[in-house]
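Visitor: I am new to this structure and would like a close look at a single part of it, namely the helical part of the chain and what lies on its surface. Please take me through it slowly.

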Amino acid sequence: MERLDDLLKTVKDQELVNLAKANEILGNIKATDFLKRKEEEETRKKNTLAIIVGIVAGVAIVAAIAYGLYCYFTPDYLEDFEDDFDDDFDDDFEDDFFEGEETEN
């Protein structure tokens, strides 16, 4: 009878050890799953940030191209305005007029 009790005690001890090992393995699996979820969350945040930065950069590039095309195709009216003033404009003023005032004083 003692042998049977010893055998039952040994089996129960092994079951407890196996149960403890199983709990340890389950705990490790849960921890691994938690870390995977956390990594996936961080990856999603990084992906979202990368998408937002990409969209902003794309809009900025399109705006720069549009501005460049606008400047290229818009006529420069200032050049036409400057062409209206020739060098003959300075000849219309008489230098004697200004010199005459200085001599009278």
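Guide: Read along the sequence, the chain follows the pattern α-α-α-α, and its secondary structure accordingly comes to 4 helices and 0 strands. What is shown here is a predicted model, and every value below should be read with that in mind. The part to look at closely is helix α1, which covers residues 2-73.

Before turning to that helix, it helps to consider the chain as a whole, which has 105 residues, of which 0% count as buried. The accessible surface of the chain comes to about 10600 Å², and 59% of this surface belongs to carbon and sulfur atoms.

Along helix α1, one place to pause is L8, a residue that lies in this helix. Together with M1, L4, L7 and V11, L8 makes a nonpolar surface patch of about 530 Å². L8 has a relative accessible area of 46%, so it counts as partly exposed; patches take in residues with over 30% relative accessible area, and therefore L8, at 46%, passes that cut-off.

Another place to pause is E39, which also has its position in helix α1. Here the surface patch is a negative one, and it is formed by E39, E40, E41 and E42. E39 itself is exposed, because its relative accessible area is 55% and exposed means over 50%.

Finally, residues 2-73 make up helix α1, and this brings us to Y72 and F73, which form an aromatic pair. A pair of aromatic rings is described by the distance of the centres and the angle of the planes. For Y72 and F73 the centres lie 5.0 Å apart and the planes stand at 80° to each other, an arrangement that is edge-to-face. The count for the model comes to 1 aromatic pair, and both of its residues, Y72 and F73, are exposed.

Technical notes:
Residues numbered from 1 in each chain as written. Predicted model: local features only at pLDDT ≥ 70, side-chain atom pairs only at ≥ 80, totals over all residues. Heavy atoms only, no water. Patch = residues over 30% accessible without salt bridge, like charges linked within 9 Å, V, L, I, M, F, W, Y side chains within 5 Å. Areas by Shrake-Rupley, 256 points an atom, 1.4 Å probe, with all protein chains shown as cover. Salt bridge = Lys/Arg side-chain N within 4 Å of Asp/Glu carboxyl O. Lys, Arg positive; Asp, Glu negative; His and termini not counted. Charge placed at Lys NZ, Arg CZ, Asp CG, Glu CD. Helix = DSSP H or I, 4+ residues; strand = E, 2+ residues; numbered from the N terminus. Buried < 20%, exposed > 50% of the residue type's maximum accessible area, 1.4 Å probe, protein only. Phe/Tyr/Trp six-rings, centres within 6.5 Å; stacked < 30°, edge-to-face > 60°.
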